[in-house]
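Let's take a look at some cysteines and aromatic rings. Here is the structure to follow along with.

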Amino acid sequence: MHPLLLLTTSSAIVGGSSPRLRTAAVSPVLRTAVPPVLRRTARAPAPVALADDGGGGLLATLESFQSSHALLISILVAIGTRYIISEVRYRFEKPVMDELGNRVATELKPDTDRIDGLAWAKLAGCVALDLAGDASELVPVLGELTDVAFAPAEAGLLWALFKSPLVSGFGFLEEILPFTDVVPTFCIGWGLQKLWPTK
């Protein structure tokens with residue numbers, strides 16, 4: 001059968017009027033479009049019947065889906081839900097997050113007016129102590145072994161300077177663990193004490 005005849009047959013099936021039985025006929029326009037050689041040898045196709053078997057079938061499913069508009073309704077519900085959620089977040093969550101951001105910005109801003117000359121001298125000592133701790137890295141293998149002896153001394157110095165068990169414990173771990181000597185623990189402790197003190 002010629003492809004054009006198949007095309008008209010399938011389009012007549014979908015476009016038929018009876019839901020129970022649909023038949024297809026060859027279009028007179030396409031009959032003239034078929035070459036004369038094929039027209040002589042090709043017989044007219046038999047009417048194609050597509051019966052509704054009562055169990056549903058593909059056409060019944062498509063027709064029920066088209067009439068229910070389930071896809072359109074679900075898309076509209078999803079868009080509406082997303083709009084409502086974004087509107088609620090904008091009206092309730094945004095002011096809370098803005099206020100929290102403002103509070104954090106004012107709390108984290110260092111109070112440089114409280115730093116006096118003694119505190120700046122303490123910072124210079126902290127830089128010197130951090131450099132002394134890093135000097136052990138100049139000797140590749142032996143440097144890590146000297147850290148075992150310097151770790152308790154660093155923890156004691158940090159406790160004496162800052163009176164913080166957290167900072168002194170961090171300094172001990174930083175010094176005893178390999179390849180962590182580059183962390184400036186004394187300067188971090190000075191910043192926590194002078195720039196961002198805990199209340």
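## Starting with a cysteine

Keep in mind that this is a predicted model. Let's begin with C187, which is partly exposed, as its relative accessible area is 24%. That value is too high to be called buried, because buried means under 20%, and too low for exposed, which takes over 50%.

Now for C126. Its relative accessible area is 0%, so this cysteine is buried.

## Do the sulfurs bond?

How many disulfides does a search of the whole structure find? The count is zero. For C126, the closest cysteine sulfur belongs to C187, and the gap is 5.9 Å, so the two are too far apart for a bond. The cut-off makes this clear, because a disulfide needs two cysteine sulfur atoms within 2.5 Å. Seen from the other side, C187 is in no disulfide either, and its nearest cysteine sulfur is that of C126.

## A pair of tryptophans

Aromatic rings are another story: searching the whole structure turns up one aromatic pair. The partners are W120 and W190, with ring centres 5.7 Å apart. Their planes meet at 40 degrees, so the pair counts as tilted. That label fits because stacked is for planes under 30 degrees apart and edge-to-face is for those over 60.

Where do the two partners sit along the chain? W120 is in helix α6 (residues 117–134), while W190 is in helix α9 (residues 185–194). They are 70 residues apart, and the pair links distant parts of the chain.

And are they buried or exposed? W190 is buried, at 5% relative accessible area, whereas W120 is partly exposed, at 47%.

Key
Residues numbered from 1 in each chain as written. Predicted model: local features only at pLDDT ≥ 70, side-chain atom pairs only at ≥ 80, totals over all residues. Heavy atoms only, no water. Buried < 20%, exposed > 50% of the residue type's maximum accessible area, 1.4 Å probe, protein only. Phe/Tyr/Trp six-rings, centres within 6.5 Å; stacked < 30°, edge-to-face > 60°. Helix = DSSP H or I, 4+ residues; strand = E, 2+ residues; numbered from the N terminus.
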